[in-house]
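Thank you for making the time today. I would like to walk you through one model, going from the overall picture to a few particular places, and I will try to be careful about what can be said.

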Amino acid sequence: MGAVFRPYANLLARLTLLGTAGLLAAGVVWWWFAPRVDWARHLRWTVSQPVPFSHEHHVAGLGIDCRFCHTAVEVSWNAGMPPSHTCMTCHSQIWTNASLLAPVRQSLADDKPLVWNRINDLPQYVYFNHSIHIAKGVGCSSCHGEVDRMPLSYKARTLTMQFCLDCHRDPGPRLRPPDQIYNMQWQRTADTPTPAALTAYYHVGGRNLTDCSICHR
Amino acid sequence: MTRQWRSLDQLAEDPSFLARAAQEFPGLAESLAQPSDRRRVLKLMAAAFAMGGLTGCDAGSPGGHLIPAVRQPPSIVPGLVRWSESMVRVAPTVLLKEPPAITFASPKSRILAWPRLVTKMFAGLMSR
């Protein structure tokens with residue numbers, strides 16, 4: 001009876017052991033890094049939309065206010081997406097035959113809503129309210145980035161719990177004067193009231209903003 | 001006593017529908033009847049069940065859709081309730097005449113905030 005194992009079996013056994021160890025190590029590295037890099041959160045990914053809407057053109061170019069389309073942002077948790085009718089207030093007059101806008105015209109004609117792909121989302125166990133943030137001096141660009149520089153919209157901030165807590169722990173420096181809320185390019189300057197002054201002005205800090213129940217209700 | 005039903009066909013007691021519903025898995029009935037196929041079907045169902053758990057592994061990355069209205073009635077604000085149960089209890093007759101524009105409650109769950117719009121949107125999607 002011949003040898004059960006050929007000479008190359010030693011090599012094979014070592015390679016198998018090394019390979020298993022390598023796979024395990026790679027798995028651990030992936031498990032640790034995947035949730036910690038922005039790739040997993042689709043940061044700065046542009047998403048294809050039924051109409052390639054340009055915030056850059058409409059906001060920076062034409063000077064349309066955020067609230068013209070996102071009408072509910074001051075009163076509701078939901079900023080609100082513009083009904084097709086809002087688009088057509090202008091586009092029934094200009095670019096009336098543009099093929100890019102065909103889905104909008106079709107939507108109004110058929111009474112079927114446009115279906116946009118989400119770029120910013122929070123898990124269902126998070127309660128977020130736009131109106132209170134607007135009312136308390138947090139500007140759009142604090143969470144949405146410089147939307148007026150986005151030819152196609154993308155997610156500009158991670159919107160993780162860490163991101164929320166960074167501000168909730170110390171909101172003062174992010175608060176803006178009321179007339180700067182919708183200014184996408186706002187930066188804190190020497191003329192800006194101090195964080196303490198703004199915190200007092202908006203009555204922020206009555207509740208502990210890092211309480212679990214503030215966001216997880 | 002309220003009667004519970006899962007579809008209009010069931011409510012109407014349509015005999016062809018009732019026969020179909022009695023099979024529990026109408027789409028699989030043929031496969032389940034053959035013993036050789038039966039194992040495979042059960043395997044696939046087990047696999048589907050196991051993989052269903054994977055959908056829970058979502059880190060809140062973007063996905064899904066935003067569906068605005070086509071023409072938004074001025075009395076509806078996205079995200080705010082127009083009706084809540086307590087309102088109906090207090091003054092049902094008043095509400096039947098004219099729904100108030102103000103809201104008394106802000107629900108914690110988002111899906112509850114849009115009873116009418118959500119229904120409309122689903123209807124719109126399903127009719128596509």
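**A walk through the two chains**

Let me begin with chain A, which has 10 helices and one strand; please keep in mind throughout that what we are looking at is a predicted model. If you follow chain A along its sequence, the order of elements reads α-α-α-α-α-β-α-α-α-α-α. Chain A has 217 residues, of which 20% count as buried. As for its contacts, if we take those in chain A with a separation of 6 or more, then 70% of them join residues that are 24 or more positions apart.

Before going further, a word on confidence. The model as a whole scores ipTM 0.77 and pTM 0.66. For chain B the mean pLDDT is 69, and 53% of the residues of chain B reach 70 or more. Within chain B, confidence is highest in strand 1, residues 65-66, at 88, and lowest in helix 6, residues 92-97, where the mean is 51. There is also a stretch of chain B, residues 100-107, over which pLDDT stays under 50, and for that stretch the model has 13 contacts beyond four places in sequence.

Now to the place where the chains meet. How many residues of each chain are in contact with the other? On the side of chain A there are 33, and they are in contact with 22 residues of chain B. Helix 4 (84-91), helix 5 (102-110) and strand 1 (116-117) of chain A each supply at least two residues of the side that touches chain B. Sorted by class, that side of chain A divides into 17 nonpolar, nine polar and seven charged residues.

The strands take part in this meeting as well, since strand 1 of chain A and strand 1 of chain B pair in the antiparallel sense over two bridges. In that pairing, Asn117(A) stands opposite His65(B), which belongs to strand 1 of chain B.

Let me stay with helix 4 and helix 5 of chain A, whose axes come within 10 Å and cross at roughly 115°, in a crossing that is left-handed. From helix 4 of chain A, the residues Ser84(A), His85(A), Cys87(A), Met88(A) and His91(A) meet Val104(A), Ser107(A) and Leu108(A) of helix 5 of chain A. This contact between the helices has four nonpolar and four polar residues, and no charged residues.

In the loop between helix 4 and helix 5 of chain A we find Trp95(A), a residue other than glycine whose phi is nevertheless positive, near 55°. Is Trp95(A) buried or exposed? Trp95(A) has 12 other C-beta atoms within 10 Å, and because a residue counts as exposed at 12 or fewer, Trp95(A) is exposed.

His203(A) also has a positive phi near 55° without being glycine, and it sits in the loop between helix 9 (195-201) and helix 10 (212-215) of chain A. With 8 other C-beta atoms within 10 Å, His203(A) is exposed.

I will finish with helix 2 of chain B, residues 15-22, which is hardly covered, in that the count of buried residues among its eight residues is zero. After helix 2 of chain B comes Glu24(B), whose phi is positive, near 70°.

Notes. Residues are numbered from 1 along each chain as its sequence is written. Chains are lettered from A and ligands numbered from 1 in the order in which they are written. This is a predicted model: local features need pLDDT of at least 70, side-chain atom pairs count only at pLDDT 80 or more; totals for chains, interfaces and linings use all residues. Helices (H or I, at least four residues) and strands (E, at least two) are DSSP runs, numbered from the N terminus. Two residues are in contact if their C-beta atoms, placed from the backbone, lie within 7 Å. pLDDT is the predictor's confidence in each residue, from 0 to 100. Ala, Val, Leu, Ile, Met, Phe, Trp, Tyr, Cys and Pro count as nonpolar, Asp, Glu, Lys and Arg as charged, and the others, Gly among them, as polar. Two strands pair if DSSP finds at least two bridges between them. Axes are lines fitted to C-alpha atoms, for helices over the stretch in contact, and angles run from 0 to 180 degrees between N-to-C directions. A crossing is left-handed if the near helix is turned anticlockwise from the far one by less than a right angle, and right-handed if clockwise.
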